[in-house]
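Me: Please walk me through this structure, one question at a time. I would like the reasoning along with each answer.

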Amino acid sequence: MIIKAGAIATLLKRPDPAFSAFLLHGRDEGRIREAAQALVTVFLGAADDPFRLVRLTGSDLRDDPVCLADEAQAISMTGGDRVVQVRNIADTHSGAFETLFENPNATAKVIVEAGELRKGSRLRKLFETLPQAAAMAFYEDNAQSLEELIEAELRAANLRISADALAYLTSVLGEDRGITRQELAKLVTFMSGGGTRDAPLEVSLADVQSAIGDGNAVTLDQICDATFAGSSDVLAIELKRWNESGQNMISVIRSATNHALRLQLLMAQLDTGGDTEMVMRRARPPIHFSRVAAIRMQLRYWNQPKIKQALQLLLEAENHCKTTGYPEIAIAERVLFRIANAARA
């Protein structure tokens with residue numbers, strides 16, 4: 001069954017007992033992780049009991065397709081409900097889930113974390129059509145939901161935020177819910193010792209830049225700017241920093257994809273006779289002043305055919321990360337350096 005976006009929050013708090021399996025898919029890995037943990041907590045409570053919670057990966061299912069069905073029918077040694085949490089799942093693993101649903105002895109709740117699945121994919125269709133399965137899609141926060149999240153997190157810490165600081169945050173966050181929450185936690189810590197509920201302390205643009213100016217979001221911007229400006233030396237440094245931080249390389253590819261789409265939109269406006277400075281000033285979300293020169297330069301290097309080819313390469317790279325089993329860092333580096341080399345060609 002398909003769970004509409006507006007009903008997801010309610011389901012995560014009070015899952016329908018009729019559902020025995022949950023497919024969480026989409027582009028926002030942070031929101032997917034949050035939702036999966038919420039379901040685990042609902043079914044098992046705060047305790048992370050290894051006898052009641054089993055974690056599998058796509059590799060486990062590839063090596064042993066029936067292990068999922070076996071785990072779903074196993075009995076807990078300590079009693080109580082069991083949960084099987086399955087991560088890094090793609091459409092190629094759908095056979096293991098077909099076996100699961102054919103097993104009448106499966107009693108555990110199964111929580112599945114997948115990446116983006118195309119509409120009509122075998123795995124999505126399986127979960128969307130069976131009455132005992134729930135399929136939920138999670139995508140990046142839009143401007144409104146991101147603003148609501150930022151303001152709610154800050155309000156809980158007795159903080160309010162200025163308009164320019166909010167605009168800056170919405171321009172650099174939102175790729176991944178988990179990263180967004182991490183950056184907001186850093187901001188709250190930076191502002192500690194501030195206001196009260198009746199007199200909240202205001203967060204300024206300077207506060208935001210001081211607290212998260214060296215964070216993941218800015219690093220992603222630097223990777224994108226180095227890539228599309230053809231600065232291979234800078235790109236190598238920034239990718240090394242990102243990889244050493246232990247962050248997901250798919251986030252880098254998606255950020256580059258979003259950046260390419262933004263350049264494509266700006267170029268389309270220029271192609272209709274728009275002035276470069278005017279088009280950049282009217283861009284939404286706003287282009288931060290620190291990146292204006294970099295974006296202006298990139299608009300000189302790229303045209304519609306080139307950016308279309310770059311987008312195709314990025315989409316293929318993300319698909320390879322999810323389906324081939326090759327190291328994400330190798331796939332990401334290959335595509336980004338290929339784009340960087342094409343920037344000034």
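Me: What does R122 count as, judging by its relative accessibility?
Reply: The classes are buried (under 20% relative accessible area), exposed (over 50%) and partly exposed (in between), using a 1.4 Å probe and protein chains only. R122 has a relative accessibility of 47%, so R122 counts as partly exposed.

Me: Thanks! What kind of model is this?
Reply: Residues are numbered from 1 along each chain as its sequence is written, and side-chain values use heavy atoms, with hydrogens and water left out. Local features need pLDDT of at least 70, side-chain atom pairs count only at pLDDT 80 or more, and totals for chains, interfaces and linings use all residues, this being a predicted model.

Me: Which helices does the salt bridge of R122 tie together?
Reply: A salt bridge here is a side-chain nitrogen of Lys or Arg within 4 Å of a carboxyl oxygen of Asp or Glu. R122 meets E98 in such a bridge, at 2.9 Å from N to O. E98 lies in helix α5 and R122 in helix α6, so parts 24 residues apart in sequence are tied together: α5 and α6.

Me: How many residues apart in sequence are the parts that E318 and R254 tie together?
Reply: The side chains of E318 and R254 form a salt bridge of 2.8 Å, N to O. E318 belongs to helix α16 (residues 304-323) and R254 to helix α13 (residues 249-271), so the sequence separation of the tied parts is 64 residues.

Me: Which residues are linked with that pair in a network of salt bridges?
Reply: R254 and E318 are both buried. Their network of salt bridges also includes E29, R33 and K322.

Me: Which helices are joined by E277 and R296?
Reply: These two side chains meet in a salt bridge of 2.8 Å, N to O. Because E277 sits in residues 276-281 and R296 in residues 292-301, the pair ties together α14 and α15.

Me: How many aromatic pairs are there in the whole structure?
Reply: Rings of Phe, Tyr and Trp (its six-membered ring) pair if their centres lie within 6.5 Å; planes under 30 degrees apart count as stacked, over 60 as edge-to-face and the rest as tilted. A search of the whole structure gives a total of five.

Me: Which residues make up the aromatic cluster?
Reply: F19 and F22 are an edge-to-face pair, 6.2 Å centre to centre with 75° between the planes. The rings of F22 and F43 are 5.8 Å apart at their centres with planes at 45°, so that pair is tilted. F22 is in strand β1 and F43 in helix α2, so parts 21 residues apart in sequence are tied together. The one cluster is thus formed by F19, F22 and F43.

Me: How far is K306 from the ring centre of W302?
Reply: A charge sits over a ring if NZ of Lys or CZ of Arg is within 6 Å of the ring centre and within 35 degrees of the ring normal. K306 lies over the face of W302, and its distance from the ring centre is 5.0 Å.

Me: Which residues of α9 are buried?
Reply: Helix α9 covers residues 177-190, 14 residues in all. Its buried residues are R177, G178, I179, T180, E183, L184 and L187.

Technical notes:
Helix = DSSP H or I, 4+ residues; strand = E, 2+ residues; numbered from the N terminus. Expected span 1.5 Å × (residues − 1).
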